[in-house]
Amino acid sequence: MAPRIPIFNMFGPSPVQPLEVHIDKVHACVKTLLPFFTAVLQGKWEEAKKHYQQTAKMEGEADTLKKDLRAQLHKDLFLPVPRSELLSMLMLQDRIANK
C-alpha cells in the first residue's frame, strides 16, 4: 500500500522569488568587475585584490542560493513551470557568476 501524502505537501513555494534573489546576487557580482579591471589597468593591485575578493565572496553566496533553490525543487512538487526549465534558468544564471 502506498504511503498517504497530504495533497498540500505536493505544492511548494513559488520558485520565482528565489530565482530573482539569485540573479540579483549574480548581478551584484558582475558589477564588481568594472572596478576590478579599472584597478588592474591602473596598477592598483591592492584595490584590485579587494574587488577580486568581493567578487569571489558574492559568487560563493550565489552558489549557496543556487543550492538552496535546487533543494526546494524536488521532483514530487507541482510547479507553475516545468522543473527542467527552472533548473536550466538557474544554471544559466550560475554560469554568469562563475565567469
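The protein exposes about 7,400 Å² of accessible surface, and carbon and sulfur atoms supply 62% of that area. These values, like the others below, come from a predicted model, in which the protein averages a pLDDT of 85 and 81% of the residues score at least 70. One contribution to the nonpolar part of the surface can be located directly, since Val30, Leu33, Phe37 and Ile96 form a nonpolar patch with about 320 Å² of accessible area together. Within this patch, Phe37 belongs to helix 2, which covers residues 33–41, and Phe37 is partly exposed, with a relative accessible area of 46%.

The secondary structure comes to 4 helices and 0 strands, so that the pattern read along the sequence is α-α-α-α. Helix 1 spans residues 16–31, helix 2 spans residues 33–41, helix 3 spans residues 45–72, and helix 4 spans residues 83–98. Confidence differs between these elements: helix 2 has the highest mean, at 96, whereas helix 4 has the lowest, at 88. Of the 99 residues of the protein, 25% count as buried. Among the contacts between residues at least 6 apart in sequence, 71% join residues at least 24 apart.

Turning to the interior, the largest nonpolar core has 5 residues, namely Leu19, Leu69, Leu73, Leu86 and Leu90. Leu69 offers a view of its surroundings: when neighbours within four places in sequence are left aside, Leu69 is in contact with Pro15, Pro18, Leu19 and Leu90. Two of these partners, Leu19 and Leu90, are themselves listed in the core.

Leu90 also leads to a charged residue, for Lys66 touches Leu90 together with His22 and Asp94, not counting residues up to four places away in sequence. Lys66 lies in helix 3, and at 11% relative accessibility it counts as buried, because the limit for that class is under 20%. Lys66 forms a salt bridge with Asp63, the closest N and O atoms being 3.7 Å apart. Asp63 is likewise found in helix 3, and because the two residues are 3 residues apart in that helix, Asp63 and Lys66 are separated by about one helical turn. Both members of the pair are buried, and the relative accessible area of Asp63 is 19%. Beyond its neighbours up to four places away in sequence, Asp63 touches Asp94 and Asn98, and Asp94 is also among the residues that Lys66 touches.

The Asp63 pair is one of 4 salt bridges in the structure. Another salt bridge joins the side chains of Lys25 and Glu61, with an N to O distance of 2.6 Å. Because Lys25 lies in helix 1 and Glu61 in helix 3, this pair ties together parts that are 36 residues apart in sequence. Lys25 is partly exposed, with a relative accessible area of 24%, and Glu61, at 25% relative accessibility, also counts as partly exposed. Glu61 meets a further partner, Lys57, in a salt bridge whose N to O distance is 3.3 Å. Here the two residues are 4 residues apart in helix 3, and therefore separated by about one helical turn, while Lys57 is exposed, with a relative accessible area of 57%. Whereas Asp63 and Lys66 are both buried, the salt bridges that share partners join Lys25, Lys57 and Glu61 into one network.

A further link to helix 3 involves Thr55, which is found in that helix. Thr55 is buried, with a relative accessible area of 15%, and, leaving aside neighbours within four places in sequence, it is in contact with Cys29 and Thr32. Thr55 and Thr32 are 23 residues apart in sequence, yet their C-alpha atoms are 6.1 Å apart in space.

Helix 3 thus recurs in several of these descriptions, as it holds Lys66, Asp63 and Thr55, and as Glu61 in helix 3 is paired with Lys25 in helix 1.

Notes
Residues numbered from 1 in each chain as written. Predicted model: local features only at pLDDT ≥ 70, side-chain atom pairs only at ≥ 80, totals over all residues. Heavy atoms only, no water. Patch = residues over 30% accessible without salt bridge, like charges linked within 9 Å, V, L, I, M, F, W, Y side chains within 5 Å. Areas by Shrake-Rupley, 256 points an atom, 1.4 Å probe, with all protein chains shown as cover. Buried < 20%, exposed > 50% of the residue type's maximum accessible area, 1.4 Å probe, protein only. Core = buried A, V, L, I, M, F, W, Y, C linked by side-chain atoms within 4.5 Å. Contact = heavy atoms within 4.5 Å. pLDDT = per-residue confidence, 0-100.
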